[in-house]
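Here's a relaxed walk through one model, taking in a pocket, a helix and some charge pairs. Have a look at the sequence and the fold before reading on.

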Amino acid sequence: ASGEYLPPSWFDKKGKKFDFFIFKSLILSYLKKIRLDVEIENMSNENSFLEEGAGFNILTNNKKSGIIGILNKKIREHYKIDNEVFVCEIELENIIEANEKKMFHHWNKFPHSQRDLSFFVDNTIKYTEIKKKIDEIKADILESYELVDIFKGKNIPDDKVSMLMSFKYRSSEKTLLNEDVNNTHTELVEKLVKDLKIIPR
């Protein structure tokens with residue numbers, strides 16, 4: 001995917017271009033619609049056609065089932081492509097196998113609260129390290145989280161990567177107060193700052 005996502009219209013004169021967040025959301029939403037447990041993790045720079053630091057493995061039921069990322073800038077320049085290009089490859093056999101193992105999760109009647117976190121992190125730190133640290137923290141009311149966007153380039157220090165993550169908080173016993181969510185989220189961010197030296201934006 002590349003270029004125009006939404007064409008210009010009367011309510012949005014400029015329209016909207018594809019970005020990594022839109023592309024990733026489309027791909028993952030397709031997989032989640034068939035009730036797969038989907039995650040993404042940083043990959044090593046084994047795929048030279050992807051930008052370093054912007055390539056990810058797609059995991060279904062903890063098994064690698066594809067890749068997603070941003071096409072390498074040198075390849076775009078070779079073919080004289082001005083816009084960023086977002087690519088994805090899915091291994092259908094793994095998807096079919098994973099889809100055979102369906103699990104039922106009871107519906108939670110209480111509403112969730114969402115908090116976003118935008119931050120810089122050293123480009124030597126992989127998303128899997130951040131994910132591992134969040135899982136170690138074991139915040140009781142943290143229901144789920146995901147990497148929304150990643151950016152490296154203009155206005156970003158050479159040794160840093162900019163990431164945007166979204167966190168969903170929910171209790172199975174009550175409606176959470178803002179104070180409950182804010183306290184838990186602040187504690188989580190402080191631990192990420194201390195242990196991984198992230199720089200909130």
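Let's start with the second largest pocket, which is lined by 16 residues, with E51, K73, E84, K152 and G153 lying nearest its centre. A pocket here is an open set of points on a 1 Å grid over the protein atoms alone, where a 1.4 Å probe fits, with protein on both sides within 12 Å along at least five of seven lines; lining residues have an atom within 4 Å of a point. This is a predicted model, so local features need pLDDT of at least 70 and side-chain atom pairs count only at pLDDT 80 or more, while totals for chains, interfaces and linings use all residues. Residues are numbered from 1 along each chain as its sequence is written, and side-chain values use heavy atoms, leaving out hydrogens and water.

The second largest pocket has a volume of about 330 Å³, a volume being the space filled by probe spheres set on the grid points, which are joined across faces, edges and corners. At least two lining residues come from each of β4 (50-60), β5 (63-71), α2 (73-78) and β8 (142-151). Helices (H or I, at least four residues) and strands (E, at least two) are DSSP runs, numbered from the N terminus. Sorted by class, the lining has eight charged, five nonpolar and three polar residues. Charged covers Asp, Glu, Lys and Arg; nonpolar covers Ala, Val, Leu, Ile, Met, Phe, Trp, Tyr, Cys and Pro; the others, Gly among them, are polar.

Now for helix α4 (residues 127-137), where Y127, I130, K131, K133, I134 and I137 are buried. These buried residues sit on the same side of α4, because they cover an arc of only 160 degrees around the axis, taken from the directions from the helix axis to the C-beta atoms. Buried means under 20% relative accessible area, exposed over 50%, and partly exposed in between (1.4 Å probe, protein chains only). The cover over the buried residues of α4 includes β3 (38-42), β4, β7 (113-122), β8, β9 (160-169) and α5 (178-196). Right after α4 comes K138, with a positive phi near 55 degrees.

On to the charges. There are 10 salt bridges, each a side-chain nitrogen of Lys or Arg within 4 Å of a carboxyl oxygen of Asp or Glu. Here are some of them.

| Salt bridge | Closest N to O |
|---|---|
| E39 and K131 | 2.9 Å |
| D195 and K133 | 3.4 Å |
| E187 and K191 | 3.4 Å |

E39 in strand β3 and K131 in helix α4 are 92 residues apart, so this pair links distant parts of the chain. What else joins E39 and K131 in a network of salt bridges? D135 does. At 25% relative accessibility, E39 is partly exposed. Beyond its neighbours within four places in sequence, E39 is in contact (heavy atoms within 4.5 Å) with N57, I58, L59, N62 and K131. The C-alpha atoms of E39 and K63 are 9.5 Å apart, with the two positions 24 residues apart along the chain.

The D195 and K133 pair brings two helices together in one link: D195 is in α5 and K133 in α4, 62 residues apart. D195 is partly exposed at 39%, whereas K133 is buried at 19%.

E187 and K191 are four residues apart in helix α5, about one helical turn. Both are partly exposed, E187 at 43% and K191 at 32%.
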